[in-house]
Amino acid sequence: MVGNVTRTAIISDRRITGLSAAVIAELVAGVRPLWHERYQARLASRPRKRAVGAGAKHRLVFVDRLLATLVHLRHGVTHDVLACWFGVDRSTVTRAFGEMRPLLAERGCTISSDVRLRTLAEVIGHLGETGGTGIIDGTEIRVRRPAVGRKDRDKFISGKNKQNAVKAMVLTNEQGRLLFCSPTRPGSCTDITHARELGLVKLLADGPAVEILADAGYQGPGAQTGGRVVTPPHRKFKKNAPDWYEAMHERQRKAHSSRRIRVEHGIAHLKNWRALARHLGRRERMDDTVQAVVGLLSQQQTADRILAWQT
């Protein structure tokens, strides 16, 4: 267990956890009751020879468990290093991560103090209510190579980067604030296939009139959704295009790119968290890691926005 001085230093320096002290305080207030409830339920669910609460007490208290998880997600620090830092065994730190990641992943994207978006349908509904524009793009996260003999081993090889990776679809608003990040798929899955599997086409076709900006990898859903998915303009002249057409096509392409670039900024903020720059853990836990980081980042963006309004 770290001392109060070290704990205060971790919380007060945003470079360590990626979050401000105010956001960490909100996390402690919101996550601690859920963690305690699940911990007590786990104790009561198995046969016991002693009463609940008897025996050795935690050396790694809840606040330290949360801080260790945040440092791991932000900087990719190994379990061994964090175990030495917090003065506990490596297995204790690993167990703490396994407890904290699902709790953080369930929080969803924080839009305001009382609004959280957890599903793609909720995001589309929110954009429809506010009249906003969404921007989508796919991003790849490198993972460890699957074991030899696994049947779907080749599915994780990205055709773009020629590396073992998983792919997620990120959706932001026009300002680049995160609204949604999908569950991951193997790296060989194309962007348009992933979007269709998530039900984006059906949600846009049957839902509110929402404009979604996308790159050329999403060409096709525009016609299926009544033009609600906007992609870069098609090139009508493949050879010997007139000068006036070249100039017009270039203006249209740049205008679309200048609006769509915000999603790239949102993805860049995600990749500042080392756990998503390259994931070295188990792929089965990748979705919890992604959702946890997205929830933390969106909560910090909301806090920064509120602070900017106040000042």
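Biologist: In which helix is Arg251 found?
Modeller: This is a predicted model, in which local features need pLDDT of at least 70, side-chain atom pairs count only at pLDDT 80 or more, and totals for chains, interfaces and linings use all residues. Residues are numbered from 1 along each chain as its sequence is written, and side-chain values use heavy atoms, with hydrogens and water left out. Helices (H or I, at least four residues) and strands (E, at least two) are DSSP runs, numbered from the N terminus. Arg251 falls within residues 243-271, which form helix H11.

Biologist: Is Arg251 buried or exposed?
Modeller: Buried means under 20% relative accessible area, exposed over 50%, and partly exposed in between (1.4 Å probe, protein chains only). Arg251 has a relative accessible area of 55%, so the residue counts as exposed.

Biologist: How far apart in space are Arg251 and Ala209?
Modeller: In sequence, 42 residues separate Arg251 and Ala209. In space, C-alpha to C-alpha, the separation is 26 Å.

Biologist: How many salt bridges does a search of the whole structure find?
Modeller: Side chains of opposite charge can pair when their charged atoms come close. A salt bridge here is a side-chain nitrogen of Lys or Arg within 4 Å of a carboxyl oxygen of Asp or Glu. Searching the whole structure gives a count of 16.

Biologist: Which residue forms a salt bridge with Asp64?
Modeller: The closest N and O atoms of the pair are 2.8 Å apart. Asp64 sits in helix H4 (residues 62-75), and its partner is in helix H1 (residues 4-12), 57 residues apart. Both residues are buried. The partner is Arg7.

Biologist: Why does the pair of Glu106 and Arg38 tie together parts of the chain, and how many residues apart are they?
Modeller: The two form a salt bridge, with closest N and O atoms 2.9 Å apart. Glu106 lies in the loop between helix H6 (90-105) and strand E1 (109-112), and Arg38 in helix H3 (residues 21-44), so the parts tied together are apart in sequence by 68 residues.

Biologist: What is the relative accessible area of Arg38?
Modeller: Its partner Glu106 is partly exposed, at 38%. Arg38 is partly exposed too. Its value is 39%.

Biologist: Where is Asp191, which meets Lys167 in a salt bridge?
Modeller: The N to O distance is 3.4 Å. Both Lys167 and Asp191 are buried. Lys167 is in strand E4 (residues 165-172), and 24 residues away along the chain Asp191 is in helix H8.

Biologist: Which residue is linked with Arg42 and Arg65 in a network of salt bridges?
Modeller: The network links Arg42 and Arg65 with a further residue. That residue is Glu99.
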